[in-house]
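Trainee: I am new to this structure and would like a close look at a single part of it. Could you choose one helix and walk me through its surroundings?

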Protein chains: 2
Amino acid sequence: MPDLSKSRTRRRGGGREARLAVQQQTTGNEAVRAGLSGGRYKPLTEADQQAIHNAALTILERTGLSDHTPELLDLVLPKGALLNDHGRLCFPRALVEDLLAGAAREFYVYARGDREGKDDMHCTAESVYFANSGTAVTTFDAETMSYRPSTLRDVYDFTRLVDKLENIHMLGDTVLATDVPDDFTHDMNTLYAILAGSQKPACLTFRDRSHLPHAIRMFDLASGGEGSFMKKPSVIFGGCPVVSPLRFGRENLELMIDTAKLGLTVDLAVPPQAGATAPATLAGTLAQTVAETLACVVIVNLINPGCPVCFAAWPFITDLRSGSFTGGGGEQALIGAAAIQMGNFYGLPTSVGAGMTDAKVPDAQYGLEKALTFTLAAHAGANRLCEFGGMMGSLMGCSFESMVIDDEAGGMILRTLRGIEVSDETLGVDVIHQCAIDPGHFLGNPHTLSYMNTEYVYPQLMDRERTDTWENRGKKDLFQRAREKSDGILNSHFPNYLGAADAQVRDEFPIQIPSDDMLRPAARAKSS
Amino acid sequence: MPDLSKSRTRRRGGGREARLAVQQQTTGNEAVRAGLSGGRYKPLTEADQQAIHNAALTILERTGLSDHTPELLDLVLPKGALLNDHGRLCFPRALVEDLLAGAAREFYVYARGDREGKDDMHCTAESVYFANSGTAVTTFDAETMSYRPSTLRDVYDFTRLVDKLENIHMLGDTVLATDVPDDFTHDMNTLYAILAGSQKPACLTFRDRSHLPHAIRMFDLASGGEGSFMKKPSVIFGGCPVVSPLRFGRENLELMIDTAKLGLTVDLAVPPQAGATAPATLAGTLAQTVAETLACVVIVNLINPGCPVCFAAWPFITDLRSGSFTGGGGEQALIGAAAIQMGNFYGLPTSVGAGMTDAKVPDAQYGLEKALTFTLAAHAGANRLCEFGGMMGSLMGCSFESMVIDDEAGGMILRTLRGIEVSDETLGVDVIHQCAIDPGHFLGNPHTLSYMNTEYVYPQLMDRERTDTWENRGKKDLFQRAREKSDGILNSHFPNYLGAADAQVRDEFPIQIPSDDMLRPAARAKSS
């Protein structure tokens, strides 16, 4: 095949100073933004979507869900849900279709403080945002190359790191504070760590419904007084109300009921695992997860018609050789994208687990698996790509270095999502004519200068140097460069966005992060 | 967000022995194959495609191409091409449209020997194959983590490595034999190394048109005597007949003319570089590369109507900060996919450069950049993803370890490409009902056993172990595991598929690979 070595340009000089001047005029990234539209990749045909929809309705009408609670039955049986001969909670086809027709098509999650307005999330079909979550039980230590139990301090550290990463749009509890065993103390401290560390929108879960009013109290304190949170919610709550196949999980079901009653956005994740808790066929797992997710959408809308609820069908994959969950293969990327397409078929705001690599270090496997799932989910038009930043080891661990890498990957993915603007001006037929006829170089052309900041994402961590430059600079890989960046942020950025409210929050809640601890580097960050 | 830790399955036992028995019954990968259909990702709208097509026709009609040769003019001016006032070769709109209507929609590249029939390539719109190429001038040495000049021996080594990698479908000259300076000796030895190392289909270039008859003679010797190559060509030839913007490159133009005259498939690559040899706008570079590629398609069809020619628009990207080529960003993935969509708009067999990472080692950057470009090109329906295997450092180097990684990535990408089969059987509504009502485990279900080999790709190199297992086994990353695999093949697989023809080939051509050298490990493979 072609020898391209002569046709590639290295270090052409034309207009270099002018270009650098233009590039230096700008701060941040003008080429991409949060909420760009996806949906140009459609893994399922129209007929496929209809068949999956029909299968899901059959499952809801005939098979239904077990392990319901008396409270749930009281809420939904009078409104058209039924118990079948097996005592399972079923939803007639017409009821589901009616409720889907009236379901909320959008919701907002607001940023706090200085970010308000600028970094709010408008969640609606095919607008793509990158969201953290995962509740990993371990944190990766780059110094020892091992995983250690994650702590409350990690929750704060991950949050303040993400505060400086522009392509991760939503905070979440990427790690579990395993050093805080008491449920209430755990939930309130996780919330505190997130509110202190960043003002970006967030998604969270609680271990018990009773924690919800206390959480709202803390939000109110943090954002301007009583009632302020309900006016502009900056966090959405949720969990896994369904345990596959087709059973309810009590704690998260109760949280869903209370959230719906309050009219807050109901966040979910419905993660059946193909071959383990759902059929081995991707189509079968898809049908089941759509049914299980629709059950939640239906319940929320029976409790509070029109209350926003996320269509969060998160099908997972099993490696059938071992029976273990695997988050990184092509099957995961494909079924995740198909689940998103089903959510868009219903016109509902969606989310999906994407970026759940099985790699244990940020290596080539990590990059391949992350990019494959990110790319297909984003182009399928996932409203939120959850598990986005830092997750490794099949969701068992989270890494500061990987968080920084995923942020940079996010910019690349967003650039592909934005697509190509085609107009007379961008086609530039006259510019081409002029540069061909009277050979000038495109590099110094005014057309180039006027587009260089809006047409391209300029990576900070991806190496684009010459090979000899890379060798002379110590042959660093992306993991090493990312470590330098994450250490740099973790050693310098110690926010407490609770500000004046901090004292009262500490007065009312059992906060376990000492306030002076926020102003000094953690042990891990110092070590490097 | 949801705590998923309880819903993920690790090491569930149901039916494990039965599953392993089923899995071990099979050899190779039943879930994917070469030539799967892409095209479900469409970055351009219908209107965009029409606008780019119109812009390209305007460029061909008004601006035209310079640096033509008298031979070319004699071939095309009598048939409707024109010279404009600048003396540039132009193609009227109606002529281009007529020729496009009659252009070949498909071609075959045949495998040799035992692979014939089984591994032939049927190149037609949206059938996806992974093809090597790149002509890198250096080879990555995993021992020293540096790049050294690539050699003829490397050509043979890369070829015999790919011979054992099932997801790389087409051979190519991934590296340049820099130790063979004479043009004729170089081209004949490259050809020999490829014919000796594997019987897969191949794509190649030659430095001079005069080498073509000699090459055909060697093919004939290798594949059954005079005339056998022309009956079932196992290699396609090409180069870069256009030097952007809109100039001809003589050597490759002459090769194109001769190939077309022989009625052999004309392979191309037309690589304008956005911001350097084409406009900085992606739309502008797309319009120019479509025009330049159509010029080649038109010339081939004027010389030999209906002669197969590849629509090989390979737009490249410049990092405008430095002016250097960059192969790994989101812009490259996006514009490559859009170029493919334009080829599919014309219904022509396509190729595109994909996998041209800027990373210097197989690290996370490598994985991210490779997967992003592979995924979008494949889903856009690229007939051939060229530069597929092993390429690193912005096409400056090739790596054995990366070749092995890319093969495994290929299986993952193909799995996503295959999509989801939706039928009553795969939806499995009754299986779901049965497993929900009478709780059994899906793992041991006959439905699972019957689909486990056809529904999933089982990776060999991607780590899916538990974190503690990974730690206990030495914390290897994918680069290390890939090195073990590539060393294993390179230390054991020394084919010479020329077989009985070898003596005569050596008699007629100045072959520089000693025949006994093929049967012993190269220095680099021994070292590890």
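Mentor: What follows looks at one helix, then at the chain and the pair around it. This is a predicted model, in which local features need pLDDT of at least 70 and side-chain atom pairs count only at pLDDT 80 or more, while totals for chains, interfaces and linings use all residues. Residues are numbered from 1 along each chain as its sequence is written, and chains are lettered from A and ligands numbered from 1 in the order in which they are written.

The part I would choose is helix 5 of chain B, residues 152–162, where 11 of the 11 residues are buried, so the helix is largely enclosed by the rest of the structure. Here helices (H or I, at least four residues) and strands (E, at least two) are DSSP runs, numbered from the N terminus, and a residue is buried if 20 or more other C-beta atoms, placed from the backbone, lie within 10 Å of its own, exposed if 12 or fewer, and partly exposed in between. Among the buried residues of this helix are Arg153(B), Asp154(B), Asp157(B) and Arg160(B), as well as Leu152(B), Val155(B) and Phe158(B). The cover over them includes strand 7 (138–141), strand 20 (397–398), helix 6 (183–197), helix 13 (400–418) and helix 18 (478–490) of chain B, with contact taken as C-beta atoms, placed from the backbone, within 7 Å.

In chain A, 4 strands form an open sheet of mixed pairing in the order 8-7-20-19, where two strands pair if DSSP finds at least two bridges between them. Strand 8 (146–149) and strand 19 (391–392) of chain A stand at the edges with a single partner strand each, so one side of each has no neighbour in the sheet. Strand 19 of chain A pairs with strand 20 of chain A in the antiparallel sense over 2 bridges, and Met392(A) has Gly397(A) in strand 20 as its bridge partner.

Chain A as a whole holds 20 helices and 20 strands, and buried residues make up 62% of its 528 residues.

As for the pair, chain A can be laid on chain B with an RMSD of 0.0 Å by a turn of 180 degrees and a shift of 0.0 Å along the axis, the fit being by least squares on the C-alpha atoms of residues with pLDDT of at least 70 in both. The two copies are thus related as by a two-fold rotation axis. Their contact takes 144 residues from chain A and 144 residues from chain B, and helix 12 (residues 364–379) of chain A gives the largest share of chain A's side, 11 residues.

Terms used. Two residues are in contact if their C-beta atoms, placed from the backbone, lie within 7 Å.
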